[in-house]
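Trainee: Please pick one cavity and go through it closely, together with the parts around it. I would like each term explained once.

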Amino acid sequence: MSAAETAETDVQMDDKANQEVHAKAPPRKRRRIVISCTECHRRKQKCDRKMPCTNCVSRNKESACQYETGTPLARPDRKGSSQSGNDHSPESIETIPIKSADFGYSTNSASTLGILRKIEGNGEPLAGMPSEAFDGDNFGVRERYKTLIRLLPARTYVEKLADIYFRDINWQYFTIDEPVFRALMEQWYNMPFNVLTNSGPQALDPMLRAYPALMFQMLASALLYLPEGTEETFESLKYTSNMTFDDLAFDYSESGVAILSLLGKRQMSIMTVLAGWVRAAFLKYTGMVTEAWHQVGTSIRDAQEIGLHRDQLDPQPSADDSTEEALEKMWMAQSRRRVWMNLLGWDLHTGAVLGRPTSVDFRIMNRSLPVDSLIPKDRRKSPIVSRGENDPPTPLTRAIWSWEAMRPLRDILDLEKEGPFPKDFSKVERIHQELLDLQARTPPPFRLENPDTRFDDLPECWWLPFVRPTLPQLISFNIMALHRPYVFTRGTSRHEALKASLDMLEAQRLYFSLLKPQQHKTFTLFFGTFDAIIMIASIYILFPKEHSELLPKVRQHFEWAIERFEKMSNRNRLAQAALGVLRAIYIRFKKAVGGGFLIKGNSYSEVGGSCTSGSATAGSSSDMQTPNSASEPSSHNPSSASNIGTSSTLPTTTERGGSVSSGTGLTPASASGSGADHNNIFASADWSLPTDFDFSSIMPMYPMGDIAYNDLTAIPSGDGPSAPWPDAYPTTTAAGSGLSINVPTSGPVGAGGDDQPAWQFGGEFGNDTLWTILNQFPTY
């Protein structure tokens, strides 16, 4: 063989060898499987692979004890490993298969995949699936987390704003435990800086990790409630010259949202749920009701992820716990139940107000309520003892009763799905009677009439006078919501809805008189007035011949409501948006019932006690006392059907459940009628609905939902004469209340007859809504 041939052969052999080398995959580096729980692995501790492990139990971190390798297998006892067939050698433990993908679900054992994890299987993790543990070692996450927490103000300001939150806001729902919040604050500010610098948020306990998000949300809410005279104290927190405290509050709230987004949905704690709930409350205070509704749903989902909806997932004392540890777990279980109860209440009530579906149905969840107990300062030294009748009520007492008052909304919303003609009207009557019974069971310290005032002078019960107008309003709203689908088709429902609306307005009047200007952002102060006014006005506009005996009182509350909204509009965005709607519907209300309906010889101070004596609930609302009044109230028997009165416009018992004839609706009145009809637009044939008009075609009213979702507005249309709206009203004193209320002493607001502008309703609503019908009503 020649040298050339030999060289060519060597080159071919080298090429073949190179191809074989390249075709063979590089050796795969063996992956070391972590068999310790994530907490022991993070803390570099020896793990016994129990579920939960001993280390996590000793540190009260049972909920954080999780394994990346599937179901934990306890380490075999070296002395007796051969005695059990279930023991595994270290080699066998090394070959435990990695768990299959979790598809984004939580790691708690209550989920389907949590149960499937107990059934071990083979296979590699699916590509692209997120890891279970929160990756806090990532440099970008660490720096982003540090950047966000740097936005927190100095501790001095945090403590002052937290004081405002617990004094002016937290008592309304009592969701956050102040001792727990203060203890976490101490831990947060005593944390070494190198923990965040070297390890990141993963080095923190899940409760402490999400704690800054809760702080940001609480600070944001407190800035909206700054008492007068304290603005100068927090002026240095602003970083631009024209910045307002509302702007700063939005900045803080968005920082809290950014922290929760950064941490994600892995290894959440109750702090995550609380931060989301306070965020929802902040959005309601600022008029962002749509966003608040979505945030409530998100918080409920987060609560379900950490098991707040199940008793069996609450911390349970064990035999190895000390007395202090056992008490701490018992109180933590109470806190979890209280948070879940508040979330359910918000979900129900918001759905009923906005006309939106709820996120959960509490009836399919056997969840225990928290115990109505006195809240101790040190939970590790005080057992849970139920509050007695002679013990002062607490904000927890109020929260539990609020939930009891809102529970019937679940059945009301289900009944509403059947439309204006349910299969069985006895359901409506049954729920109505249950609401009246619930109203009669109101705890004595919370009653509006004849309240138990012996605790009012206690420093810890300073909030009691503020509760008395708001809690009865919840039941009145329930009654109004119950009859809301039937007000256009059933006379009895119109009457009950009208009485409930008047009760709501009376409670709103008393509540408004107790609040300071900085508290005008309260959502309750808006929806309780707006929904009730729209309900009353629609009844009188479409059925002007009914309930004439209540007209003076209705007109009085109508004008008080407009005045309250004018005062609130500077601070309350919802009131500012709805003020034009109130003006527009007031003009139609005045035209429908006539400008001269006020009884001659009666002043406003005389109206209310004499004109409504025939009504049970509505009549008594005119005689409602102030929280500290000692005068004798009028008789009140809402369950008595005989108290309705003898007015011919009211339906008889035989009319219950039947539809209303068109003769009581919008039809032209006879020219030979009473002389009082000369001021009524229905005395002429200027405008009327057809005599065969189907009132059941009108959709149920959700005024708050129309403001939030359908951009309901009212503006002058320009097709009629215009006149300026008065800025203020003279001040008089309401009879029997002892409260100074600004009321008009002359005619209605803008009462000028033909001087009114032609206000029209605008928004994204359909042709089957009340607003479309009202737009056909002439206003001049």
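Mentor: Sixteen residues, written 16 in the count, line the second largest cavity, and Asp177, Val180, Ile270, Met271 and Leu274 lie nearest its centre. This is a predicted model, in which local features need pLDDT of at least 70 and side-chain atom pairs count only at pLDDT 80 or more, while totals for chains, interfaces and linings use all residues. Residues are numbered from 1 along each chain as its sequence is written, and side-chain values use heavy atoms, with hydrogens and water left out.

A cavity is a set of points on a 1 Å grid over the protein atoms alone, where a 1.4 Å probe fits but cannot get out; a lining residue has an atom within 4 Å of a point. The volume of the second largest cavity is about 120 Å³; a volume is the space filled by probe spheres set on the points, which are joined across faces, edges and corners.

Helix 8, helix 11 (211–224), helix 13 and helix 15 each give two or more residues to the lining of the second largest cavity. Helices here are DSSP runs of H or I with at least four residues, numbered from the N terminus. Helix 15 supplies the largest share of this lining, 4 residues. By class, the lining has 12 nonpolar, 2 polar and 2 charged residues. Ala, Val, Leu, Ile, Met, Phe, Trp, Tyr, Cys and Pro count as nonpolar, Asp, Glu, Lys and Arg as charged, and the others, Gly among them, as polar.

Take two of those helices in turn. Helix 15 covers residues 323–354, which is 32 residues, and reaches 47 Å from its first C-alpha to its last, close to the 46 Å expected at 1.5 Å a residue. The expected span is 1.5 Å times one less than the number of residues. Of the 32 residues of helix 15, 27 are buried, so the rest of the structure largely encloses this helix. Buried means under 20% relative accessible area, exposed over 50%, and partly exposed in between, with a 1.4 Å probe and protein chains only. Gly355, just after helix 15, has a positive phi of about 70°.

Helix 13 (residues 270–285) has 16 residues and reaches 23 Å between its end C-alpha atoms, close to the expected 22 Å. In helix 13, 16 of 16 residues are buried. Gly287 follows this helix, with a positive phi near 85°.

Now compare another space. The largest cavity holds about 410 Å³. It is lined by 26 residues, and Tyr173, Trp346, Arg398, Leu474 and Thr524 are the closest to its centre. Helix 13 and helix 15 are among the elements that give two or more residues to this lining too. Helix 15 again has the largest share, here 6 residues. The lining of the largest cavity divides into 14 nonpolar, 10 polar and 2 charged residues.

For the wider setting, the structure holds 8 cavities of 30 Å³ or more. The chain has 780 residues, of which 53% are buried, and it contains 26 helices and 4 strands, a strand being a DSSP run of E with at least two residues.

Definitions and conventions
1 Å grid on protein atoms, 1.4 Å probe; cavity = no way out; pocket = protein on both sides within 12 Å on 5 of 7 lines; lining within 4 Å.
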